[in-house]
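The following exercises are to be worked through with the sequence and the structure at hand. Each task is followed by a solution in steps.

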Amino acid sequence: MNKIKFPSAYTILMLLTVLMALLTWLIPAGQYQMVTNETLGRMVPVVGSYQTVDANPQGIIDILMAPIQGFYDPASYAARAVDVALFVLVIGGFLAVVTQTGAIDAGIAGTMKRLAGREKWMIPILMGLFALGGTVYGMAEETIPFYALLIPVMIAAGYDSIVGVAIIMVGAGIGCLGSTINPFATVIASNAAEINFMEGFALRAAILVIGWLICVFYVMRYAERVKQDPSSSIVAHQHDDNLRHFLHSKEQQTPELNTTRKAVLAIFGLTFCVMMWGVSSAGWWMAELSALFIGSSILVGFVGRLSEVEITDSFVNGARDLLGVALIIAIARGLVVVMDNGNITHTILNYAEGLLGGLNEIAFINAIYWVEAVLCIVVPSSSGLAVLSMPVLAPLADFAGVGRELVVTAFQSASGLPNLVTPTSGVVMGGLAIGRVAYSSWLRFIGPLIGILTAMVMMLLSLGVMMS
């Protein structure tokens, strides 16, 4: 019997688009009165101003047009999600060119080599490197090659396969949970919430650093316990089998961290620094940022001594790998277009205002966190969930007197947690398969940490409200 397969993000979003179109025939159409908020610099709804308007039910043609209208408005040719989608494709190309030089692989492998014999300190350092990848560009699938490289080192040092898996998966996972400038989560969510993605940076950085410290302590504590008493390992029953499997295999070939690759890594880091400066100080947005990463891709290619064919092929292939993300952004934005054209967005907002309107600021932001935590199970794509939920949830912050940047932070913190445990994630299940760790064993290890991280995020979100 074939197993029931969970539908893809594309199918989920298209089904939601159909559902929203049906709701335009059932839900009363309505609008809030919109006024300009000088502080925020945008139009915001006036509390209590909701009133019904003429219905505009959406049909089959509107559903089919929704993904197209998600990119741009065919009537006025005004951009909707096309600039963000293009930026995502350019980011994909840039990351592929950097990867083609071998710089990222060499950087991590070089760190491991230098710490040979001092494996204990590999845990915080490598978790820091993976967390940096997570917070900067949502490192996920890129971690897969490192499992086969790192797990034998950890087992040879007297630890178990869970330690190797945790260094990579938890390291990158806490980076995604504490996304500061991740284009696929924070930037897209901020864009959908109509704010600058540098707003709320300090709180997200605090979540990242504190979360990283918690995760490092948790993994190091487990690793030390296993080293002192191998029988305490969650996978102790696989000890002998894992020794044969991981330590008797061929050595993994990794590129050398030479001067050229060090220069590529410097350009990689500098590019993101320039991005932060451009957005916060120079008024840059998606067009300028796309140009920045195109220029950096070319520079990395030349410095990394790639041929013209290698630069262009890797850039195109990297963009192709993220084409699905770009389409998800358009489909999800098209869903919002159907809601807007059907005049039910403000009606749904009015219902939500009624449900959350009586909450104080601290209760409100934590309620938003749990709403996003539930939604991310239904819509596993962080970019898809961002453009789906932010247009509806971010305006609620205006009613509650909470900054929209806090809603974005609640979103990206909630959407980061499932990356550590969700069984529908190829990254999670792939990493566990390489490490020969059963899903039930992983849940035993990661369960308490998930609870600690959730409490930490809720406390910092509450503190963010009190300090705003």
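**Exercise 1. Charges.** Determine how far apart the mean positions of the positive and negative charges of the protein chain are.

*Solution.* The model is a predicted one. Step one is to count the charges: the protein chain has 22 positive and 29 negative charges. Step two is to take the mean position of each group; these two positions lie 13 Å apart.

**Exercise 2. Overall form.** Decide whether the radius of gyration of the protein chain agrees with that of a compact globule.

*Solution.* First, the chain length is needed, which is 468 residues. For a compact globule of that length, a radius of gyration near 23 Å would be expected. The protein chain has 23 Å, and therefore the two agree. Next, the extent of the C-alpha trace along its principal axes may be added: about 70 × 55 × 50 Å. The secondary structure consists of 20 helices and four strands. Finally, of the contacts with a separation of 6 or more, 78% join residues that are 24 or more positions apart.

**Exercise 3. Surface and interior.** State what share of the residues is buried, and describe the largest nonpolar core.

*Solution.* Buried residues amount to 53% of the 468 in the protein chain. The exposed surface comes to about 20600 Å², of which carbon and sulfur atoms supply 64%. Turning to the interior, the largest nonpolar core comprises 131 residues. Among the residues with the most contacts inside this core are I167, M275, F293 and W442. When neighbours within four places in sequence are left aside, M275 is in contact with F87, I181, F197, L289, L292 and F293. Another core lies apart from the largest one; this core has ten residues, including A21, I27, I63 and L335.

**Exercise 4. Two residues that contact R333.** Establish whether A81 and N191 are buried or exposed, and list what each of them contacts.

*Solution.* Begin with A81, which is placed in the loop between helix 2 (60-71) and helix 3 (82-100). Its relative accessibility is 0%, so A81 counts as buried. Beyond residues up to four places away in sequence, A81 touches G70, F71, I329 and R333. A81 and G334 are 253 residues apart in sequence, yet their C-alpha atoms are 9.0 Å apart in space.

Continue with N191, which belongs to helix 8 (residues 183-192). The cut-off for a buried residue is under 20% relative accessible area; N191 has 16% and therefore counts as buried. Leaving aside neighbours within four places in sequence, N191 is in contact with V84, W285 and R333.

**Exercise 5. Positive phi angles.** For Y77 and R436, give the phi angle, the place in the chain and the accessibility.

*Solution.* As a starting point, most residues other than glycine have a negative phi. Y77 is not a glycine, but its phi is positive, at about 65 degrees. Y77 lies in the loop between helix 2 and helix 3. With 65% relative accessibility, Y77 counts as exposed.

R436, also not a glycine, has a positive phi of about 55 degrees. R436 is found in the loop between helix 19 (426-434) and helix 20 (439-467). Its relative accessible area is 26%, so R436 is partly exposed.

**Exercise 6. A pair distant in sequence.** Find the C-alpha separation of A266 and A103.

*Solution.* A266 sits in helix 11 (residues 259-281) and, at 48% relative accessibility, counts as partly exposed. A266 and A103 are 163 residues apart along the chain, and their C-alpha atoms are separated by 9.9 Å.

Technical notes:
Residues are numbered from 1 along each chain as its sequence is written. This is a predicted model: local features need pLDDT of at least 70, side-chain atom pairs count only at pLDDT 80 or more; totals for chains, interfaces and linings use all residues. Side-chain values use heavy atoms; hydrogens and water are left out. Helices (H or I, at least four residues) and strands (E, at least two) are DSSP runs, numbered from the N terminus. The radius of gyration is taken over C-alpha atoms; the globule rule is 2.2 Å times the number of residues to the power 0.38. Buried means under 20% relative accessible area, exposed over 50%, partly exposed in between (1.4 Å probe, protein chains only). Contact means heavy atoms within 4.5 Å. Accessible areas come from the Shrake-Rupley method with a 1.4 Å probe; for residues, only the protein chains shown count as cover. Lys and Arg count as positive and Asp and Glu as negative; His and the chain ends are not counted. The place of a charge is taken as NZ of Lys, CZ of Arg, CG of Asp or CD of Glu. A nonpolar core is a set of buried Ala, Val, Leu, Ile, Met, Phe, Trp, Tyr and Cys residues joined through side-chain atoms within 4.5 Å.
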